[in-house]
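I opened my notebook for a first look around, and I invite you to follow along. Here is the structure I had in front of me.

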Amino acid sequence: MSRWFNIAGPCKADKHYMLSATARLPDLEQFIEQESYFVVHAPRQTGKTTAMLALAKQLTESGRYTAVMVSAEVGSAFNHDVGVAEVAMLETWRNTIAVRLPKDLQPPAWFYSGPGQRIRASLQVWAQASSRPLVIFIDEIDSLQDETLISVLRQLRDGYPNRPHNFPLSVGLIGLRDVRDYKVASGGSDRLNTASPFNIKVSSLTLRNFNASEVAELYQQHTEDTGQVFTQQAKATAFDLTQGQPWLVNALAKEVVEKMVKDRSITITHEHILNAKEILIARQNTHLDSLAERLREPRIKAIIEPMLAGLELGDVPNDDIQFVIDLGLCKMDPQGGLTIANPIYREVLP
Ligand SMILES: Nc1ncnc2c1ncn2[C@@H]1O[C@H](COP(=O)(O)OP(=O)(O)OP(=O)(O)O)[C@@H](O)[C@H]1O
Ligand SMILES: [Mg+2]
């Protein structure tokens, strides 16, 4: 069976047309060698999970580390009950690790001490038992809030000085926002005693969108597999409309090749791409829908509404501007002005 354009979760190389999963990541191996804790943040549907899964696999296969990606998401149902959140996360992590790592690299039984210590204690027993230094990526970190977020960050900070023999050598937190915003997510400035709840991190990194030649390269994979050609103008139009937003790039092509032009002898033109755009917008897919949903938040509304109306932005806090950029709703244009991230979002947001 031929491969397809994926719009549902992380990409798999054997099934999906895809670009190198880790090419857009900065060089994280250096951070890992230097025993760093770091943050990788990028908007929804840019390829964070795809990239970090691939990196973890690569690191483990190098034989030097035991590296795995786990998710904090199940903990978010218990943002006010730290002990329950910890157990939910640790149990899920165990299942994840069971399928992602070979048997000889599995952790020992987790260590269920009192609430607020279970993550630290469990990572400690694993680091002590592990034959290789541990590298842990925690996905969806900013699904956590309030007490549970504070507790997880504090436990990581608490164990940090004991790495690498008694705690993971390197930890990456993966999410939408930089840690600066974790303070907000944890219920405001009074809740935390330090400026940053994760002040041990050395760096915040982000994942960029595809550039025009990467979009062309992805579409070319379909041509190579099926013989169906995209004109240069079709590829350029897809880039213009999406500005390389990875999910949108896949969604446009998928619409065209799976619904509009199934006859592989027909060349795909920019008109096909433009039609696909109209269909995507009309359909209000979840990705687009969840962006529109964001507009309900007052601090986002205060920025987007005047922009759509073509008005000057009033006095908005810099933090809020950074927030709409982190979410991928807006970007800075080369002249330094704030604009909507791409023409498709521009049509969806109103
Ligand atoms: N390497 C890649 N090559 C091609 N397309 C990709 C690649 N990585 C991601 N994508 C596109 O982005 C979509 C989302 O990928 P992924 O789930 O890895 O992103 P994410 O940033 O973790 O998303 P979320 O914020 O929702 O968790 C994929 O369904 C696919 O359309
Ligand atoms: Mg993800």
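**Entry 1: a strand with neighbours**

I started with strand β1 and checked its two faces: Tyr37, Val39 and His41 on one side are buried, and so are Phe38 and Val40 on the other, which leaves both faces covered. I should say at once that this is a predicted model.

How many of the residues of strand β1 are buried? I counted five of the five in residues 37-41, so the strand is largely enclosed by the rest of the structure.

Next I looked up which strands pair with β1. Strand β4, residues 170-175, runs parallel to β1 and is joined to it by five bridges. Strand β5, residues 203-206, also runs parallel to β1, with four bridges between them. I then followed His41 to both of these strands: its bridge partner in β4 is Gly175, and in β5 His41 stands opposite Thr206.

**Entry 2: around the ligand**

Which residues are closest to ligand 1? I found Met18, Gly47, Lys48, Thr49 and Thr50, out of 21 residues that surround the ligand. Two elements give two or more residues to this shell, α2 (48-61) and α9 (246-260). Sorting the shell by type, I noted 11 nonpolar residues, eight polar and two charged.

**Entry 3: helix α8 and its surroundings**

I turned to helix α8, residues 232-242, and listed its buried residues: Ala234, Lys235, Thr237, Ala238, Phe239, Leu241 and Thr242. A general reminder went in the margin: an α-helix has 3.6 residues a turn, so residues three or four places apart point the same way.

What do the buried residues of α8 pack against? My note reads α7 (212-226), α9, α10 (270-283) and α14 (343-348). So α9 turned up on two of my pages: it gives residues to the shell around ligand 1, and the buried residues of α8 pack against it. Just after α8 comes Gln243, and I marked its phi as positive, near 50°.

**Entry 4: two helices crossing**

Last, I looked at helix α12 (residues 298-308) and helix α13 (residues 318-326), which pack at an angle of about 85° with their axes 10 Å apart. Angles of 65 to 115 degrees count as roughly perpendicular, so α12 is roughly perpendicular to α13. From α12, the contact is made by Arg299, Ile300 and Ile303, and from α13 by Asp320, Ile321, Phe323 and Val324. By type, I wrote down five nonpolar residues, no polar and two charged for this contact.

Terms used: Residues numbered from 1 in each chain as written. Chains lettered and ligands numbered in written order. Predicted model: local features only at pLDDT ≥ 70, side-chain atom pairs only at ≥ 80, totals over all residues. Buried ≥ 20, exposed ≤ 12 C-beta atoms within 10 Å, placed from the backbone. Pairing = 2+ DSSP bridges. Axes fitted to C-alpha atoms, helices over the stretch in contact; angles between N-to-C directions. Parallel < 35°, antiparallel > 145°, perpendicular 65-115°, else oblique. Contact = placed C-beta atoms within 7 Å. Nonpolar A, V, L, I, M, F, W, Y, C, P; charged D, E, K, R; others polar. Near = placed C-beta within 6 Å.
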